[in-house]
Amino acid sequence: MDATRPRYLTEPAAVRWLLTFVALAFLLLFLFLPLVVVFAEAFRNGIGAYAAALADPIALSAIRLTLVTAAIVVPANAVFGVAASWAIAKFDFRGKNLLTTLIDLPFSVSPVIAGMVFVLLFGAHGLVGPYLLERDIRVIFALPGIVLATTFVTFPLVARELIPLMQSQGNDEEEAALTLGANGWQTFFRISLPKIKWGLLYGIVLCAARSMGEFGAVSVVSGHVRGVTNTLPLHVEILYNEYQFSAAFAVASLLTLMALLTLVVKGLMEWRSGRRANA
Amino acid sequence: MPSGVKSRGNILPGFGLAMGFTLAYLGLIVLIPLSTILLKTASMTWGQFWDTVSDPRTLHACRLSFLASLAAALINAVFGLLVAWVLERYDFPMKRFVDGLVDLPFALPTAVAGIVLTTFYSGNGWVGRYLEPRGIKVAYTPLGIVVALTFVGLPFVVRTVQPVLRDLDIQLEGAAAILGASRLQTFRRVVLPQILPATLTGSTLAFARALGEYGSVIFIAGNLPMRSEITPLLIMIKLEQFDYAGATAIALVFLLASFLLLFLINHVVLRRTAAQAG
């Protein structure tokens, strides 16, 4: 990197320092200090108030709902991610580009519109909502709606991690296993799954973090019933709008820790693959 | 549908199962729900549709969303390029930590980003208290929206430019230097044309993300109609008033406009810069 560059291929020291200073000042102001704000505000009224905000029954029920939602969404999207990457990376077929584009589609739809489509479908005046309500099945303003909206928003995450990984790995090991007499599922569980386990793990971590942190889409379908259909991010919003700032930041600090954890996992993954590339 | 598979001696099993599950899941979770937008719009009369879409409040929200997203994308193009350059080319303490931190806006839930930035830039906040006496009001103004959108879009340019910068051929810069170009000339004539397409791609991604962004904006925006109300918020307000037709009409126009814009940027601008660089 820099150390290997001869002097005529880099900038004068003063320019280097100036650029580094401006870049770091920008990151400090835009990324690092906001991160510090979360914890400073969360502990402003002491650790007792922090613990009380998290032990509040409404906060606990929000934590529970958030975890239940993630426990449904993450496995579903993980299975989809594996299936989609298997079809796309291991086979050639017409319309592959179209399929890849469609899988990425949820990323370019606003979270609010993502929530809205489920209201149009399952709401009291929606396409199938009245039919379901007659049979006492509530989707909107209930857990199924929250799960569906969260699944939509986090839909591409696992598939996106796995498709390029599987494409770069090729099929040689699988073909060897099949030639030696393994059946399809044996090949998948003994060969393919171990090959992609780190990418799958990272995709799952990303998907879990996004599904626990999703705000806009869930906000549309949740109905904001306190203690019943409020997830953690919605609970943060309510506390903040009620001027309970340190409680809002205490709950937000949980979500921030989760975000930091995903960054650490990402760092470990890159360190691992970097080490393997150098070896 | 094995008939679509090209036979080139592929002996791997499971195409039918994997493809079938993929298409069914994609249809149920994404395509059928999204198609309700078209169905709902089709049930409106042209007059209803036009009244919602041409309402001054709608037009103002759309204009604000596009301009604020554009401003944030431009800020990110400049600073994202700078950050990527510094991370790839220079050494400084805690570089790995700083590099990892760049992804924070991807990982941080938007509601958290929203309340953090509002607290940071409000009149008695950490930075706001120094800005407001100088007449710069960030929180509860359109400027606050640009700040929030810059935050959420920050990683896109950095992460798109970094790999390109890493793979640049050092010999081209060497040749330029030997032929007598100054460092600034080398940057402008040799390096910049090679990293410009990636910078544009990154800021296009940031722009697309910013258009739909909701959580991080609504806390800092102030949300005054005709002043600081973004399109996703207007859709949300229509839904809360059970005006599903109005919400759908705005959503459809907004989605189509963003897709069209992204298509234009991708196919016109990127192709032209790629042609120039090549």
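Which helix of chain A does Phe39(A) lie in? Phe39(A) belongs to helix H1 of chain A, residues 13–42. This is a predicted model. Two chains, A and B, are described below, first as wholes, then where they meet, then residue by residue.

**Chain A as a whole**
- Chain A has 13 helices and zero strands.
- Read from the N terminus, its order of elements is α-α-α-α-α-α-α-α-α-α-α-α-α.
- Its C-alpha atoms fit a box of roughly 60 × 55 × 30 Å along the principal axes.
- Chain A has 279 residues, and 52% of them count as buried.
- Take the contacts in chain A with a sequence separation of 6 or more: residues 24 or more positions apart make up 70% of them.
- The exposed area of chain A is about 12,700 Å², and 67% of that comes from carbon and sulfur atoms.
- Chain A carries 20 positive and 17 negative charges, and the mean positions of these two sets lie 5 Å apart.

**Chain B as a whole**
- Chain B also comes to 13 helices and zero strands.
- From the N terminus, its elements read α-α-α-α-α-α-α-α-α-α-α-α-α.
- The box around its C-alpha atoms is roughly 70 × 70 × 35 Å, again along the principal axes.
- Chain B has 278 residues, of which 52% are buried.
- Among contacts in chain B between residues at least 6 apart in sequence, 73% link residues at least 24 apart.
- Chain B exposes about 12,600 Å², with carbon and sulfur atoms supplying 67% of this area.
- There are 21 positive and 14 negative charges in chain B, and their mean positions are 5 Å apart.

**Where a helix of A packs on a helix of B**
- Helix H5 of chain A (residues 111–122) packs with helix H1 of chain B (residues 15–42).
- The angle between them is about 75°, and their axes are 9 Å apart.
- That angle makes H5(A) roughly perpendicular to H1(B), because angles of 65 to 115 degrees count as roughly perpendicular.
- From H5(A), the residues that meet H1(B) are Ile113(A), Met116(A), Val117(A), Phe118(A), Leu120(A) and Leu121(A).
- From H1(B), the residues that meet H5(A) are Ile29(B), Pro33(B), Leu34(B), Thr36(B), Ile37(B) and Lys40(B).

**Lys266(A), in contact with both chains**
- Lys266(A) sits in helix H13 of chain A, residues 245–278.
- Is Lys266(A) buried or exposed? Lys266(A) counts as buried, because its relative accessibility is 17% and the cut-off for buried is under 20%.
- Leaving out neighbours within four places in sequence, Lys266(A) is in contact with Tyr202(A) in its own chain, and with Asp103(B) and Arg159(B) in chain B.

**Phe39(A) in helix H1**
- Phe39(A) is partly exposed, at 24% relative accessibility.
- Beyond residues up to four places away in sequence, Phe39(A) touches Ser253(A), Thr256(A) and Leu257(A).
- Asp56(A) is 17 residues away from Phe39(A) in sequence. In space, their C-alpha atoms are 19 Å apart.

**Ser222(A) in helix H11**
- Ser222(A) is part of helix H11 of chain A, residues 216–222.
- Ser222(A) is buried, with a relative accessible area of 0%.
- Which residues does Ser222(A) touch, not counting those up to four places away in sequence? They are Phe141(A), Ile146(A), Thr229(A), Asn230(A) and Leu234(A).

**Two residues with positive phi**
- Most residues other than glycine have a negative phi.
- Asp136(A) is not a glycine, yet its phi is positive, near 65°.
- Where is Asp136(A) placed? Asp136(A) is in the loop between helix H6 (129–134) and helix H7 (143–154) of chain A.
- Asp136(A) is exposed, with 69% relative accessibility.
- Asn223(B), also not a glycine, has a positive phi of about 60°.
- Asn223(B) lies in the loop between helix H11 (215–221) and helix H12 (231–240) of chain B.
- Asn223(B) counts as partly exposed, at 27% relative accessibility.

Note on methods:
Residues are numbered from 1 along each chain as its sequence is written. Chains are lettered from A and ligands numbered from 1 in the order in which they are written. This is a predicted model: local features need pLDDT of at least 70, side-chain atom pairs count only at pLDDT 80 or more; totals for chains, interfaces and linings use all residues. Side-chain values use heavy atoms; hydrogens and water are left out. Helices (H or I, at least four residues) and strands (E, at least two) are DSSP runs, numbered from the N terminus. Buried means under 20% relative accessible area, exposed over 50%, partly exposed in between (1.4 Å probe, protein chains only). Contact means heavy atoms within 4.5 Å. Accessible areas come from the Shrake-Rupley method with a 1.4 Å probe; for residues, only the protein chains shown count as cover. Lys and Arg count as positive and Asp and Glu as negative; His and the chain ends are not counted. The place of a charge is taken as NZ of Lys, CZ of Arg, CG of Asp or CD of Glu. Axes are lines fitted to C-alpha atoms, for helices over the stretch in contact, and angles run from 0 to 180 degrees between N-to-C directions. Angles under 35 degrees count as roughly parallel, over 145 as roughly antiparallel, 65 to 115 as roughly perpendicular and the rest as oblique.
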